[in-house]
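Please open the structure in your viewer and keep the sequence beside it, since this tour moves from one selection to the next. At each stop you will be told what to select and what can be found there.

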Amino acid sequence: MAQYELLLPKMGESVAEATIIKWVKQPGDMIEIDESVLEIATDKVDSEVPSPTAGKLVKTLFNEDDVVQVGEVIAIIETDANAFPVADAAVEEVAESIHEIKAEDIPGISKVGTANDHEIEAPMDFSSSSRFYSPLVKSIAAEENISLDELDQIQGSGTEGRVTKSDILEFVDQKQGSEPKSEVKEGPVANAPASAPAAAPVQKAPAPASKPAPVTSVSGGDEIIEMDRMRKLIADHMVMSKQTSPHVTSFVEADVTNLVKWRDRVKDSFQKREGEKITFTPIFIEAVTKAIRDLPLINVSVNGTQIIKKRDINIGMAAALPSGNLIVPVIKNADQLNLVGLTKSVNDLAKRARQSKLKPDETQGGTFTITNVGTFGNVMGTPI
């Protein structure tokens with residue numbers, strides 16, 4: 001038997017570390033080729049780390065919530081010397097053999113306890129399906145009582161049509177939205193909204209045990225919503241921003257009547273010619289990049305007593321997510337793009353942000369951020 005060192009993969013040029021969210025596999029578990037071993041988070045983007053080889057996970061070198069540097073060894077996989085992938089036929093044979101392995105036949109698996117052991121005592125039989133499902137998808141399906149027929153009907157957005165974590169969570173949200181929520185009437189604290197469990201679906205079952213005492217109120221209808229991981233990150237970044245440097249707000253009024261008239265006049269022909277809708281956001285970004293070139297000292301950051309003047313102009317654009325959270329994808333070297341290029345970048349990043357398909361590197365390296373609060377009917381705003 002040989003041992004394979006599983007490394008934390010490189011996820012982007014500016015991504016040097018990641019936080020381990022959850023170990024999908026535990027020591028003693030068998031692993032298939034390309035099967036997810038753990039979930040990691042880089043800033044606000046979650047990813048799964050697959051195994052490049054089949055074998056048995058014998059040791060994990062980091063715990064959940066640990067921060068790991070890219071390239072570090074995170075786990076040891078025991079594998080047959082001849083088990084490395086050589087052909088599709090070999091992959092299929094390994095997958096079939098592992099599907100037939102029972103939990104009690106895997107050495108040491110009875111010693112590995114999890115909070116959800118009682119929920120996965122009778123796993124679904126996936127051998128009758130022709131599609132590949134990762135362990136994370138299987139565990140979510142088992143917990144949410146999603147049948148194999150329902151799972152097979154989900155249109156996957158992953159490689160070769162594979163069902164990803166976001167695909168099955170979207171299906172769960174749609175399914176829950178169509179079911180009556182009679183349990184809301186049972187207590188003074190209402191259930192959290194459907195989007196709240198999205199950050200950690202496997203941990204949803206133990207939630208009732210951690211509920212605080214009922215909130216005393218006149219109506220008895222107060223609702224306690226536990227922050228998901230992304231909202232906690234946003235809160236931490238807000239506080240950090242306030243502590244880094246004083247915030248000063250200044251308003252200058254500008255007449256953009258001609259700009260609005262120009263957009264109204266060209267938007268139909270622009271969409272016909274470029275295949276993209278032109279909004280005000282790329283226009284504002286182009287104006288900001290020109291201002292930064294003229295006044296480079298507004299494109300700076302503070303590091304202790306040092307002021308770092310940025311060479312690149314990387315514009316972050318705040319994008320609202322269906323869950324109610326915010327994420328800031330970054331347009332790199334925005335000053336080198338014309339209005340058409342900015343429009344395509346804005347629309348592409350906004351679309352993939354809402355679909356949770358951003359790459360970790362696409363949320364890093366911003367030097368100046370734009371937030372358009374005018375879409376809510378606001379006259380002015382002071383975002384952090």
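**First stop: paired strands**

Begin by selecting Met 30 and Lys 56, because Lys 56 in E6 is the bridge partner of Met 30. Before going further, note that this is a predicted model, in which local features need pLDDT of at least 70 and side-chain atom pairs count only at pLDDT 80 or more, while totals for chains, interfaces and linings use all residues. Residues are numbered from 1 along each chain as its sequence is written, and side-chain values use heavy atoms, with hydrogens and water left out.

Now extend the selection to E3 and E6, which pair in the antiparallel sense over two bridges; two strands are said to pair if DSSP finds at least two bridges between them. The strands (E, at least two residues) and helices (H or I, at least four residues) named on this tour are DSSP runs, numbered from the N terminus. Strands of a sheet pair through backbone hydrogen bonds, either parallel or antiparallel. Add strand E8, residues 73–79, which runs antiparallel to E6 and is joined to E6 by four bridges. Here Lys 56 appears again, standing opposite Glu 78 in E8.

**Second stop: two loops**

Select the loop between strand E3 (30–31) and strand E4 (36–42), where you will find Asp 34. Phi of Asp 34 is near 70°, a positive value in a residue other than glycine. Asp 34 counts as partly exposed, at 39% relative accessibility, where buried means under 20% relative accessible area, exposed over 50% and partly exposed in between (1.4 Å probe, protein chains only).

Then move to the loop between strand E6 (55–60) and strand E7 (67–69), which holds Asp 65. Asp 65 has a positive phi as well, near 80°, and at 62% relative accessibility Asp 65 counts as exposed.

**Third stop: salt bridges**

How many salt bridges does a search of the whole structure find? The search finds nine, a salt bridge being a side-chain nitrogen of Lys or Arg within 4 Å of a carboxyl oxygen of Asp or Glu. Select Glu 35 and Lys 25, whose side chains meet in one with an N to O distance of 3.5 Å. Glu 35 lies in the loop between E3 and E4, and Lys 25 in the loop between strand E2 (17–23) and E3, so the pair ties together parts that are 10 residues apart in sequence. Glu 35 counts as buried at 4% relative accessibility, and Lys 25 counts as buried at 11%.

Next, select Arg 352 and Glu 362, which form a salt bridge with their closest N and O atoms 2.8 Å apart. Arg 352 lies in helix H8 and Glu 362 in the loop between H8 and E15, so this pair, too, ties together parts that are 10 residues apart in sequence. Are these partners buried or exposed? Arg 352 is buried, with a relative accessible area of 17%, and Glu 362 is buried, with 18%. If you add Asp 348, you have a network of Asp 348, Arg 352 and Glu 362, joined by salt bridges that share partners.

**Fourth stop: a nonpolar core and a sheet**

Select Ile 285, Ile 315, Met 317, Ile 327, Ile 331, Ala 334 and Ala 353, which touch the most other members of the largest nonpolar core, a group of 21 residues. Such a core is a set of buried Ala, Val, Leu, Ile, Met, Phe, Trp, Tyr and Cys residues joined through side-chain atoms within 4.5 Å. At least two residues of this core come from each of H5, helix H7 (280–294), strand E11 (315–317) and helix H8 (339–354), and H8 gives the largest share, five residues.

Finally, centre the view on Met 317, whose bridge partner in E15 is Ile 370. E11 and E15 pair in the parallel sense over three bridges, within an open sheet of three strands that has the order E14-E11-E15 and mixed pairing. Strand E14 (330–331) and strand E15 (368–370) stand at the edges with a single partner strand each, so one side of each is left without a neighbour in the sheet.
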